[in-house]
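Colleague: Before I use this model, I want the reasoning behind its labels. Take me through them one at a time.

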Amino acid sequence: MLPFPSAEKESHPFSTGIQAGLSIAIGYLPIAFTYGLLAKSSGLSLVETVGMSVIVFAGASQYIALSMIGAGTGAFEIIITAFIMNIRHLLMSASLNERMKDDAKWIKAIYGFLITDETFSVAATRTEKKLTSAFMLGLGLIAYGSWVVNSGVGYLIGAGLPATIQNGMAVALYAMFIGLLIPSAKKSRKVIALAGTAALLNSLFSLYEPLAGGWGIILSTLISSVGIEFFVKEEKVHGK
């Protein structure tokens, strides 16, 4: 018998993972729903919308991709941007691997794909000394299922909205980015500096024709991330 807490002593690790990930699945519902709405207003088909969620499974990257698609950016630049934004997952996966029981590499590859900021946080704070692949699969699949299904539901409901509202949904994409930025900016001046620097650089790059598209976003992201990390010390705004 695995050393699970008493309340979960008789549960299969897969079921325990699903239970642990249920709150994440509920939290993903409105975000995935909004993504589906915005994807419809960005001109994507239902298959493309759901397909991106199935293949990418990274909310921030998918929102960025929508804005880049709207700007006419090429696929290569979108892929590079998504890769840069998700480099942190390499560190998260390496850290989590130290707590995992050994298993076949193909199983590790599956639950490694399902790691997000939220599932990583839940897994990293578990009290068990070692986590099983079944637990990680349950945790990841419930979150993944919610993201994919609600992306499609958002798209279908968006398709039923009047054309004027669908066109207006493009503005919601920027509102979403602001909504994601403000909570982090309240806690850290580094986030404010990072967002401001990236916006300024991207504005400057947009004046130069060869960098006016996706490459400007990539360069501004890289330069601001590296520069802020080296030159700005972390200082909590509210002492958190």
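**Reasons behind the labels**

Modeller: Start with confidence. This is a predicted model. The mean pLDDT of the chain is 81, and 83% of its residues reach 70 or more.

Colleague: Where in the chain is confidence lowest, and where is it highest?

Modeller: Helix H9 (residues 163-187) is lowest, at a mean of 67. Helix H2 (residues 46-55) is highest, at 94. Where pLDDT is low, the predicted coordinates should not be read in detail.

Colleague: How many aromatic pairs does a search of the whole structure find?

Modeller: Seven. One of them joins tyrosine 28 and phenylalanine 57.

Colleague: Why is that pair of tyrosine 28 and phenylalanine 57 called edge-to-face?

Modeller: The centres are 6.4 Å apart, and the cut-off for a pair is within 6.5 Å. The planes stand at 80 degrees. Over 60 counts as edge-to-face, so the label follows.

Colleague: What makes this a link between distant parts of the chain?

Modeller: Tyrosine 28 sits in helix H1 (residues 13-41). Phenylalanine 57 is in the loop between H2 and H3. They are 29 residues apart.

Colleague: How do you know whether tyrosine 28 and phenylalanine 57 are buried or exposed?

Modeller: Buried means under 20% relative accessible area. Tyrosine 28 has 7%, so it counts as buried. Phenylalanine 57 has 4%, so it is buried too.

Colleague: What kind of pair do tyrosine 35 and tryptophan 147 form, and what makes it so?

Modeller: A stacked one. The centres lie 6.1 Å apart, with 20 degrees between the planes. Under 30 degrees counts as stacked, so 20 qualifies.

Colleague: Which parts of the chain does the pair of tyrosine 35 and tryptophan 147 tie together?

Modeller: Helix H1 holds tyrosine 35, and helix H8 (residues 133-159) holds tryptophan 147. These parts are 112 residues apart in sequence. Tyrosine 35 is buried, at 0% relative accessible area. Tryptophan 147 is buried as well, at 3%.

Colleague: Which residues form the aromatic cluster?

Modeller: Tyr28, Tyr35, Phe57, Tyr63, Phe113, Tyr144 and Trp147 form one cluster.

Colleague: Now the second largest pocket. What lines it?

Modeller: The lining has 21 residues. Val56, Ala58, Ala82, Phe83 and Asn86 lie nearest the centre. Helices H3, H4, H5 and H6 each give two or more residues. H4 gives the most, with five. The pocket holds about 500 Å³ of space.

Colleague: How do the residues of that lining divide by type?

Modeller: 15 are nonpolar, six are polar and none is charged. Asp, Glu, Lys and Arg count as charged, so the lining of this pocket has none of those four.

Conventions:
Residues are numbered from 1 along each chain as its sequence is written. This is a predicted model: local features need pLDDT of at least 70, side-chain atom pairs count only at pLDDT 80 or more; totals for chains, interfaces and linings use all residues. Side-chain values use heavy atoms; hydrogens and water are left out. On a 1 Å grid over the protein atoms alone, a cavity is a set of points where a 1.4 Å probe fits but cannot get out, and a pocket is an open set with protein on both sides within 12 Å along at least five of seven lines; lining residues have an atom within 4 Å of a point. Grid points are joined across faces, edges and corners, and a volume is the space filled by probe spheres set on the points. Helices (H or I, at least four residues) and strands (E, at least two) are DSSP runs, numbered from the N terminus. pLDDT is the predictor's confidence in each residue, from 0 to 100. Rings of Phe, Tyr and Trp (its six-membered ring) pair if their centres lie within 6.5 Å; planes under 30 degrees apart count as stacked, over 60 as edge-to-face and the rest as tilted. Buried means under 20% relative accessible area, exposed over 50%, partly exposed in between (1.4 Å probe, protein chains only).
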